[in-house]
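Here's a quick tour for anyone new to reading protein structures. Have a look at the picture first, then work through the notes below.

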Amino acid sequence: MPLIFHGAARWNISHAPQHVNSHLLQDLQAQINAAVSDSSLLSVYNTAIDKLRPQLSLCLSEEPQRLDVTDAFVWQFSLADTFMPLLKEPTQEAAAIFAHFCVILKRFEGYWWLQGWPTVLISKVWRILDSVHRPWIQWAIEEMGWVPP
């Protein structure tokens, strides 16, 4: 149980008002809201973005040495039953949201077991996305310093 308590503590840190009220991902959320008509799917996407926003804000605001690797995985854990299954055969929208999660992973490449994974994952997302949806991840690509093929 200590790991769960630690994850909950990190979740609380990321949900300080400055992180929850961040403007990160607003453009992505607007694009998804305009493109998706299925209300139940849209609810899952909006929840995923709303939960990713504070985690991303925390990771971008903290010095790397002050971050905890738990910060990289709390988001996934919180969406294990709703959003994560959509990545098995990803929709364009789910892949675009996940690309923004890769920005968080990039901050943790100092861990040997994560080295290279953010690049592998963003590359896979790039291959999944069509020409209409690739611009949706431009910010994530630039933030990661990745160059598409």
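**One turn along a helix**

Let's start with a pair of residues: Arg 53 and Asp 50 both sit in helix H4, three residues apart, which is about one turn of the helix. An α-helix has 3.6 residues a turn, so residues three or four places apart point the same way. Here, the side chains of Arg 53 and Asp 50 meet in a salt bridge, with N and O 3.1 Å apart. Keep in mind that you're looking at a predicted model.

**The overall layout**

- What is the chain built from: it has eight helices and zero strands.
- Read from the N terminus on, the elements go α-α-α-α-α-α-α-α.
- The chain has 149 residues, and buried ones make up 44% of them.
- Take the contacts between residues at least 6 apart in sequence: 68% of these join residues at least 24 apart.

**Charged pairs**

- How many salt bridges does the structure hold? There are two.
- As a reminder, side chains of opposite charge can pair when their charged atoms come close.
- You've met one pair already, and its two partners sit in different surroundings: Arg 53 is buried, because its relative accessible area is 8% and the cut-off is under 20%. Asp 50, at 39% relative accessibility, counts as partly exposed.
- Another salt bridge links Glu 109 with Lys 106, and the closest N and O atoms there are 2.9 Å apart.
- Lys 106 has a relative accessible area of 28%, so Lys 106 is partly exposed.

**The nonpolar core**

- The largest nonpolar core has 43 residues, and those with the most contacts inside it are Ile 32, Trp 75, Phe 83, Ile 97 and Ile 137.
- Several helices each supply at least two residues of this core: H3 (26-35), H4 (39-61), H5 (70-78), H6 (92-106), H7 (117-128) and H8 (138-144).
- Which helix gives the largest share of this core? That's H6, with eleven residues.
- Trp 75 is worth clicking on: leaving aside neighbours within four places in sequence, Trp 75 is in contact with Ala 48, Lys 51, Leu 52, Gln 55, Phe 83, Met 84, Ile 97, Phe 98 and Phe 101.

**A closer look at helix H6**

- Is H6 largely enclosed or open? Of its 15 residues, 14 are buried, so H6 is largely enclosed by the rest of the structure.
- You can check the length of H6 too: at 1.5 Å a residue, its 15 residues should span 21 Å, and the C-alpha atoms at its ends are indeed 21 Å apart.
- Glu 93 lies in this helix, H6.
- Glu 93 is buried yet has no salt bridge, and the nearest side chain of opposite charge, Arg 134, is 14 Å away.
- So what does Glu 93 touch, not counting residues up to four places away in sequence? The list is Ile 32, Ala 35, Val 36, Tyr 45, His 133 and Trp 136.

**Cysteines**

- A disulfide is a covalent bond between the sulfur atoms of two cysteines.
- A search of the whole structure finds zero disulfides.
- Cys 59 is buried, with a relative accessible area of 1%, and Cys 102, at 0%, counts as buried too.

**Spots in the loops**

- Val 69 lies in the loop between H4 and H5.
- Where do you find Trp 113? Look in the loop between H6 and H7.
- Trp 113 counts as partly exposed, at 37% relative accessibility.
- Once residues up to four places away in sequence are left out, Trp 113 touches Val 69 and Phe 73.
- Seen from the other side, and again leaving aside neighbours within four places, Val 69 is in contact with Phe 108, Tyr 111 and Trp 113.
- Val 69 and Ile 104 are 35 residues apart along the chain, and their C-alpha atoms are separated by 9.8 Å.
- Leu 25 lies in another loop, between helix H2 (17-20) and H3.
- Leu 25 is not a glycine, although it has a positive phi of about 70 degrees.
- At 7% relative accessibility, Leu 25 counts as buried.

Note on methods:
Residues are numbered from 1 along each chain as its sequence is written. This is a predicted model: local features need pLDDT of at least 70, side-chain atom pairs count only at pLDDT 80 or more; totals for chains, interfaces and linings use all residues. Side-chain values use heavy atoms; hydrogens and water are left out. A nonpolar core is a set of buried Ala, Val, Leu, Ile, Met, Phe, Trp, Tyr and Cys residues joined through side-chain atoms within 4.5 Å. Buried means under 20% relative accessible area, exposed over 50%, partly exposed in between (1.4 Å probe, protein chains only). Helices (H or I, at least four residues) and strands (E, at least two) are DSSP runs, numbered from the N terminus. Contact means heavy atoms within 4.5 Å. A disulfide is a pair of cysteine sulfur atoms within 2.5 Å. Lys and Arg count as positive and Asp and Glu as negative; His and the chain ends are not counted. A salt bridge is a side-chain nitrogen of Lys or Arg within 4 Å of a carboxyl oxygen of Asp or Glu. The expected span of a helix is 1.5 Å times one less than its number of residues.
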